[in-house]
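Colleague: I'm new to this one, and I'd like a close look at a single part rather than a full tour. Could you pick one helix, start with how it meets another helix, and work outwards from there?

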Amino acid sequence: MLHTWCALDAVGIPVALGLDATAATRCPTCGAPLTLSVRAGQATRLPFVLWFSSGPCPRLTRVFCFAANLFCDTAHAEAWKRQAGNPQGRVISLADVEDTARVAWADVVAEGRTVHGVEAEEDDTQQ
């Protein structure tokens, strides 16, 4: 078992690395247990959403990670937002979490392939 600072890491890291993992947390709004599986870098399609902070972030773990939680659905994320004083940010889908993670950890994936003797594949879309 590995604990992470936020749901973006718990879901995003295995997605970016193409791993199998299970993320388990609770919805901050209702307390319902939320379990999400990632298989070969693809998250299970569920109605869960994540709060993605875009406000000032003087302390990553206390500001961004503290708020980057999974919620049952958009309504629960919006209720949490109102209760938290309407912080800057937006609700993102699991598909958006996957896209964000693949971009955010692309350098780590490429470095890991090089370190372990596997050449990183060239991305033709970035030419």
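Modeller: Sure, let's take helix H1, residues 7–17, and begin where it meets H4: the two axes come within 8 Å and cross at roughly 65°. Keep in mind that this is a predicted model. The crossing of H1 and H4 is right-handed.

Who is actually touching whom there? On the H1 side you'll find Leu8, Val11, Gly12, Val15 and Ala16, and they meet Val97, Glu98, Ala101 and Arg102 of H4. Sorted by class, that contact between H1 and H4 has six nonpolar residues, one polar and two charged. As for the spacing along a helix, an α-helix has 3.6 residues a turn, so residues three or four places apart point the same way.

How much of H1 is covered? Mostly covered is the verdict, as eight of its eleven residues are buried. Those are Ala7, Leu8, Asp9, Val11, Gly12, Pro14, Val15 and Ala16. Just after H1 comes Gly18, which takes a positive phi of about 70°.

Now turn to the sheet that H1 lies across. H1 touches S1, S2 and S3, and it runs at about 10° to S2. These three strands make an open sheet in the order S1-S2-S3, with antiparallel pairing. At the edges stand S1 (21–26) and S3 (42–43); each has a single partner strand, so one side of each is left without a neighbour in the sheet.

Let's walk through the pairing. S1 and S2 are antiparallel and share six bridges, and Thr25 has Leu34 in S2 as its bridge partner. The hairpin of S1 and S2 has six residues between the strands, and in it Gly31 takes a positive phi near 80°. S2, which covers residues 33–39, then pairs with S3 over two bridges, again in the antiparallel sense. Arg39 stands opposite Gln42 in S3, while Val38 stands opposite Ala43. Between S2 and S3 the hairpin has two residues, and Ala40 takes a positive phi near 50° there.

Strand S2 is worth a second glance for its two faces. Leu34, Leu36 and Val38 make up the covered face, and Pro33, Thr35, Ser37 and Arg39 the uncovered one.

Back to H4, the partner we started with, and on to a second sheet. This one is also open and has three strands, in the order S5-S4-S6 with antiparallel pairing. Its edge strands are S5 (70–71) and S6 (89–93), each pairing on one side only. Helix H4, residues 94–104, packs on this sheet and touches S4, S5 and S6, with its direction at about 100° to that of S6. So the link outwards from H1 goes through H4, which H1 meets at their crossing and which packs on S4, S5 and S6.

Inside this second sheet, strand S4 (residues 49–53) is joined to S6 by five bridges, and the two run antiparallel. Val49, for one, has Ser93 in S6 as its bridge partner.

One last stop is a little group of aromatic side chains. Trp51, Phe71 and Trp80 form one aromatic cluster, and the count comes to two aromatic pairs. Why is the pair of Trp51 and Trp80 called tilted? Their ring centres are 5.6 Å apart and the planes stand at 55°, so the pair is tilted. It links distant parts of the chain: Trp51 sits in strand S4 and Trp80 in helix H3 (residues 74–83), 29 residues apart. Phe71 and Trp80 make another tilted pair, at 5.6 Å centre to centre with 50° between the planes.

Are these rings buried or exposed? Both Trp51 and Trp80 are buried, and Trp80 has a relative accessible area of 13%. Phe71 is buried too, with a relative accessible area of 0%.

Key:
Residues numbered from 1 in each chain as written. Heavy atoms only, no water. Pairing = 2+ DSSP bridges. Helix = DSSP H or I, 4+ residues; strand = E, 2+ residues; numbered from the N terminus. Contact = heavy atoms within 4.5 Å. Axes fitted to C-alpha atoms, helices over the stretch in contact; angles between N-to-C directions. Left-handed = near helix turned anticlockwise from the far one by under 90°. Nonpolar A, V, L, I, M, F, W, Y, C, P; charged D, E, K, R; others polar. Phe/Tyr/Trp six-rings, centres within 6.5 Å; stacked < 30°, edge-to-face > 60°. Buried < 20%, exposed > 50% of the residue type's maximum accessible area, 1.4 Å probe, protein only.
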